[in-house]
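Visitor: Could you take me through one part of this structure slowly, as if I were looking at a protein for the first time? I would like to see what surrounds that part.

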Amino acid sequence: MTFRNFIGLVLLVISGHGYVQSQAAQQPQASAPGMAQPQASQAVTPSDAELSQARLLLRQGKYDEAVAELQNVAAKKPYLKGLAHEFGMAYYEKGEYGKAIEYLKKAQQEDPSDNEAVQLLGLSYYLSGRPGEAIPLLEKVQGWYPRANVDAAYILGVCYIQSKEYPQARRAFAKMFDVPPESAASYLFTARMLLRQEFEPVAEEYAQKAIELDPKLPLAHFLLGELYLFKSRVPEAIAELQKELAINPGYAAGYYKLADAYSRVQKYEDAERLLQRSIWLDATATGPYILMGKVLEKKGEFELALRALQRAGSMDPNNPMTHHLLGQTYRDLGRASDAERELQEAERLQVGQDSK
């Protein structure tokens with residue numbers, strides 16, 4: 001398990017409206033595949049009527065049909081205004097970012113004020129694993145319109161992280177969350193993003209800096225506790241999570257993570273007590289019920305473990321860990337057929353997750 005599993009990646013949906021026009025002209029780019037270059041005597045024609053069907057298909061999520069429709073239009077009117085932009089948009093939505101880049105560069109050549117093309121081009125570079133090329137384009141979007149699409153602002157910060165430009169990443173996230181760039185909060189936000197990107201040593205440094213600036217900042221000690229737990233540095237995790245709960249005693253996840261740490265050093269009584277507090281504060285999270293079942297099974301309290309795990313299973317029936325622990329608990333209770341059923345279900349769900 002990696003820290004990427006805590007939160008999945010952002011799904012990008014770009015509106016393309018409300019941006020202030022750029023004043024900077026772009027340098028000419030090579031033609032995108034299938035796009036003709038108009039000669040000086042050939043006028044570019046209006047586009048709305050000819051492109052309406054392709055746009056409708058794109059809105060309906062029919063990306064292949066939209067591309068096919070655009071190809072039909074291009075065959076009849078290769079110099080149509082906005083055609084490159086529409087191809088770029090279609091390929092971007094389809095997830096073919098290499099092709100999207102080629103057409104969006106052509107769209108910029110045709111219309112230097114096409115701000116949506118600039119933003120989509122930056123996002124396409126990022127999604128193609130080219131963060132260095134994405135940065136200057138996404139920086140332009142920020143400069144044109146301070147409240148630009150939040151996904152673009154987030155991706156700009158991630159690009160800075162991947163390019164190891166950490167101070168710039170901190171400034172980007174500070175702007176995104178409306179906090180001063182030198183504040184403890186900005187260091188904490190950046191530490192969380194660094195952790196997601198698996199930059200653990202820098203995340204630890206930034207979390208410690210946040211605590212240095214504000215020793216009572218909520219969630220800073222929690223983040224360090226999570227990090228140390230992930231690295232199996234259990235004594236350090238316990239110390240940080242205890243500090244978090246001293247500052248933030250109503251935080252259910254703090255009790256859950258501290259219980260996890262205690263369970264790893266076989267302090268099951270302490271873990272059970274903390275898990276009960278976590279559940280009292282938040283009965284909607286499945287993690288504490290699953291861990292409670294595991295702890296109670298270790299203590300030999302199989303019937304109580306079964307109840308906790310059945311509760312977790314009713315909340316999230318597709319979690320393979322829950323079914324695996326149910327299988328173990330049924331086996332402890334001598335219910336072989338129930339154990340076999342749950343273990344088979346756990347294996348089926350795990351295979352399904354691994355194939356995605």
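**A close look at helix α13**

Guide: Let's begin with the residues of α13 that are buried: Ala252, Gly254, Tyr255, Lys257, Leu258, Ala259, Asp260, Ala261, Tyr262 and Ser263. Please keep in mind that you are looking at a predicted model. The helix that holds these residues, α13, runs from residue 252 to residue 264. With ten of its 13 residues buried, α13 is mostly covered. From its first C-alpha to its last, α13 reaches 19 Å, close to the 18 Å expected at 1.5 Å a residue.

What does the covering? The helices over the buried residues of α13 include α11, α12, α14 and α15. In the sequence, α12 spans 234-247, α14 spans 268-281 and α15 spans 286-298. Just after α13 comes glutamine 266, which has a positive phi, near 65°.

Let's step across to α14, where serine 278 lies. Serine 278 has a relative accessible area of 2%, so this residue counts as buried. Apart from its neighbours within four places in sequence, serine 278 is in contact with Ala252, Tyr255, Tyr256 and Pro288. You have already met two of these, Ala252 and Tyr255, among the buried residues of α13.

Another helix that covers α13 is α11, which is made up of residues 220-230. Ten of the eleven residues of α11 are buried, so α11 is largely enclosed by the rest of the structure. Among those buried residues are His221, Leu224, Gly225, Tyr228 and Leu229. The partners that the buried residues of α11 pack against are α9, α10, α12 and α13. So that you can find both ends of α11, look for two residues with positive phi values. Leucine 219, in the loop between α10 and α11, has a phi near 80°, although leucine 219 is a residue other than glycine. Leucine 219 is partly exposed, with a relative accessible area of 34%. On the other side, α11 is followed by serine 232, with a positive phi near 60°.

Now look at how α11 sits beside α9, the helix of residues 184-196. The two pack at an angle of about 20°, and their axes are 10 Å apart. That angle makes α9 roughly parallel to α11. The crossing of α9 past α11 is left-handed. On the α9 side, the residues that meet α11 are Leu188, Ala191, Arg192 and Leu195. Facing them from α11 are Ala220, Phe222, Leu223, Glu226 and Leu227. Seven residues of this contact are nonpolar, none is polar and two are charged. A handy idea helps with a list like this: an α-helix has 3.6 residues a turn, so residues three or four places apart point the same way. You can try that idea on Leu188, Ala191, Arg192 and Leu195 in α9.

Finally, let's step back to the protein chain around these helices. The chain has 18 helices and zero strands. Of its 356 residues, 46% count as buried. Among contacts with a separation of 6 or more, 54% are between residues 24 or more positions apart. So when you return to α13, picture a helix that is mostly covered, with α11, α12, α14 and α15 among the elements that cover its buried residues.

Methods:
Residues numbered from 1 in each chain as written. Predicted model: local features only at pLDDT ≥ 70, side-chain atom pairs only at ≥ 80, totals over all residues. Heavy atoms only, no water. Axes fitted to C-alpha atoms, helices over the stretch in contact; angles between N-to-C directions. Helix = DSSP H or I, 4+ residues; strand = E, 2+ residues; numbered from the N terminus. Parallel < 35°, antiparallel > 145°, perpendicular 65-115°, else oblique. Left-handed = near helix turned anticlockwise from the far one by under 90°. Contact = heavy atoms within 4.5 Å. Nonpolar A, V, L, I, M, F, W, Y, C, P; charged D, E, K, R; others polar. Expected span 1.5 Å × (residues − 1). Buried < 20%, exposed > 50% of the residue type's maximum accessible area, 1.4 Å probe, protein only.
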